[in-house]
Amino acid sequence: MSHLNYNHLYYFWMVNKKGSVTKAAETLCLTPQTITGQIRAFEERLNGAVFKRSGRKLEPTELGELIFRYADKMFALSYEMLDVLNYRKDDRVLFEVGVADALSKALAGKVLMSVMAPESNTHIACYEATHEDLMARLREHKLDVILSDCAGDSLKYTEILSKKLGESEVAFFHLGPLQQPFPACLAEAPLLIPSKKSSLGQQLYRWFAELDLTVSIAGEFDDAAMMREFGFAGRGIIVAPSVYADGILARGMHLLGTTRDVLEEYHLIFAERMIQHPAVKLLLSSDFDSLFQGHDSAS
């Protein structure tokens, strides 16, 4: 074979990555019919099928699996090249960051601002979503780094690295004091807590079970600021990293107690290819201990 149509190869690779012609077409902004036609032309050129039907799903044939292994290396390298070339945009360093929606944003903002000095030529672009969505975007080369409350699934991918930046114990607040001592008092009023999908939410449920504490959950929130607004309105007990205690107390809330058995963690997750990015290098070399031990206003 003297010539290979690399557009055909790219469309095949994208269909295999996305799992269907429809999803690949959406990503490429093409019609499914166009993708199907290009795949058919690719198979004619190879004189063999690259996909087979398994129910409603498309699976690569033995030939398709062989081609995909090479294509995956090729296009991963091409994306890596674009990442390096796109560091600079109009003489500014582009830094694309994903922030997990479960994280309290005031502290995340301070972490990011540490690489954004007033005289810095870094141009930051922030994107907020679930941890799962951010991981998918990172692996698709659509983000440089992620700030998240967990890093467990990053261990599944050899090309993804992570560093724990810091942690904060959590505190519980209510509009007024309750009768029993902490933590028994948490059973006296409804609780407003982070979503069970988040690391903090899961830790809280385990902690309640370990204490054999029967609590009433009035609401679960992906957005920490929204949860606090409900608490400020007297709808229940709220939980927040203790670094935000001063700002929450200033809103008239009463501190019920704190625990180190439940921690909000901040992890920096990034692709190995980004390790030479100037902002990533600065984040990796910075010491954030004083930030996580201090007090700040509520997010």
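# Reading rings, charges and a patch

Modeller: Let's start with one residue: Phe42 is buried, with just 1% relative accessible area. Here buried means under 20% relative accessible area, exposed over 50%, and partly exposed in between (1.4 Å probe, protein chains only). Bear in mind that this is a predicted model, where local features need pLDDT of at least 70 and side-chain atom pairs count only at pLDDT 80 or more, while totals for chains, interfaces and linings use all residues. Residues are numbered from 1 along each chain as its sequence is written, and side-chain values use heavy atoms, leaving out hydrogens and water.

Colleague: Okay, on to rings. How many aromatic pairs does a search of the whole structure find?

Modeller: The general idea is that a pair of aromatic rings is described by the distance of the centres and the angle of the planes. Rings of Phe, Tyr and Trp (its six-membered ring) pair if their centres lie within 6.5 Å; planes under 30 degrees apart are stacked, over 60 edge-to-face, and the rest tilted. The whole structure has 11 such pairs. One of them is Phe12 with Phe42, a tilted pair with 5.7 Å between centres and 40° between planes. Phe12 belongs to helix H1 (residues 6-18) and Phe42 to helix H3 (residues 32-46), so this pair links distant parts of the chain, 30 residues apart. Helices are DSSP runs (H or I, at least four residues), as are strands (E, at least two), and both are numbered from the N terminus. Phe12 counts as buried because its relative accessibility is 0%.

Colleague: Which residues form one aromatic cluster?

Modeller: Phe172, Phe182, Trp207 and Phe208 do.

Colleague: And where does the charged end of Arg137 sit?

Modeller: Over the ring of Tyr127, 3.9 Å from its centre. Lys196 has its charged end over the ring of Tyr205, 4.4 Å from the centre. To count, NZ of Lys or CZ of Arg must be within 6 Å of the ring centre and within 35 degrees of the ring normal.

Colleague: Now salt bridges. What does Glu167 form a salt bridge with, besides Lys164?

Modeller: Side chains of opposite charge can pair when their charged atoms come close. The rule is a side-chain nitrogen of Lys or Arg within 4 Å of a carboxyl oxygen of Asp or Glu, and the count comes to seven. Glu167 meets Lys164 at 2.5 Å, N to O, and also Arg260, with the closest N and O atoms 2.8 Å apart. That second pair links strand S7 (residues 160-174), home of Glu167, to strand S11 (residues 254-271), home of Arg260, 93 residues apart. Glu167 is partly exposed, at 25% relative accessible area. Lys197 and Asp222 form another salt bridge, their closest N and O atoms being 3.7 Å apart. Lys197 counts as exposed, because its relative accessibility is 56%. Shared partners join Lys164, Glu167, Arg260 and Glu265 into one network of salt bridges.

Colleague: How many disulfides does the structure hold?

Modeller: Zero. A disulfide needs two cysteine sulfur atoms within 2.5 Å. Take Cys126: the closest cysteine sulfur, in Cys150, is 18 Å from its own, too far for a bond.

Colleague: Last one: which residues make the nonpolar surface patch?

Modeller: Tyr6, Leu63, Leu66, Tyr70 and Met74 make it, about 490 Å² in area. Patches take residues with over 30% relative accessible area and no salt bridge, joining like charges within 9 Å and nonpolar side chains (Val, Leu, Ile, Met, Phe, Trp, Tyr) within 5 Å. Areas come from the Shrake-Rupley method with a 1.4 Å probe; for residues, only the protein chains shown count as cover. Helix H4 (residues 62-85) gives the most, with four residues.
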